[in-house]
Amino acid sequence: MKRYIYLISPQKIKGIKFYRQLDQVLKTKKVKYFQLRLKKISNLNLIKIGKKIKKITKKNKVKLLINDKPLAARKINADGCHLGQKDMNFYTSKKIMGKKKIIGMTCHNSKKLALSAKKFGVDYIAFGAFFKSLTKKTTFKANLAILRWSKKKINIPIAAIVGI
């Protein structure tokens, strides 16, 4: 089984320092996916920031995923988007994004949500969080058992939302 680092952005991105640091991290070739997760900004600012990040991820051969917003993801020409349970539904997102784009879905700690996501045809599922984080409230606590179950029963890529 291949393992990759799936990095998620901080809630706020300020200044050129962030872009330089991101480039340095991605140059290590250890990160395969970067999710831009900015909940509290306008779509216009998200697209502006996303286009800058797309240049960095493309240069470093890292897939860029946009959290929650397939329309913005399409305008950025991101590699895909990540959907939470309260976001736009999978089928509408796929229509917006196109067949070749990646769509992942959060399943918290739920086998039922994971099975539904597989039926939809998502490209990967995410479980978590496994630990508390300062960047996001830990509402659902996942454990290793759900990862083992998913590996056997779901047979699509899995992301573990760790929290640090």
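Two strands count as paired when DSSP finds at least two bridges between them. With that in hand, here are some close-ups of this predicted model.

**View 1. Strands 3 and 4 run side by side in the parallel sense.** Strand 3 covers residues 63–67 and strand 4 covers residues 80–83; three bridges join the two. Look for L65, whose bridge partner in strand 4 is G80.

**View 2. Seven strands form an open sheet with parallel pairing.** Their order is 1-2-3-4-5-6-7. At the edges sit strand 1 (5–8) and strand 7 (158–161), each pairing on one side only. On average, neighbouring strands of this sheet are turned by 25° against each other, direction ignored. Helix 2 (residues 43–59) packs on the sheet and touches strand 2 (31–36) and strand 3. The direction of helix 2 makes about 170° with that of strand 2.

**View 3. The largest nonpolar core holds 40 residues.** Within this core, L36, I53, I125 and F127 touch the most other members. Helix 2 supplies the largest share, five residues. Leaving aside residues up to four places away in sequence, L36 has contacts that include S9, I13, L46, I53 and N67. Another core, of five residues, lies apart from the largest one, and its members include L65, I102, Y124 and A159.

**View 4. S150 belongs to helix 6 (residues 144–153).** S150 counts as buried because its relative accessibility is 0%, and the cut-off for buried is under 20%. Not counting residues up to four places away in sequence, S150 touches I125, F127, N155 and I158. Two of these names may be familiar from View 3: I125 and F127 are among the residues touching the most other members of the largest core.

Definitions and conventions: Residues are numbered from 1 along each chain as its sequence is written. This is a predicted model: local features need pLDDT of at least 70, side-chain atom pairs count only at pLDDT 80 or more; totals for chains, interfaces and linings use all residues. Side-chain values use heavy atoms; hydrogens and water are left out. Helices (H or I, at least four residues) and strands (E, at least two) are DSSP runs, numbered from the N terminus. Axes are lines fitted to C-alpha atoms, for helices over the stretch in contact, and angles run from 0 to 180 degrees between N-to-C directions. Contact means heavy atoms within 4.5 Å. Buried means under 20% relative accessible area, exposed over 50%, partly exposed in between (1.4 Å probe, protein chains only). A nonpolar core is a set of buried Ala, Val, Leu, Ile, Met, Phe, Trp, Tyr and Cys residues joined through side-chain atoms within 4.5 Å.
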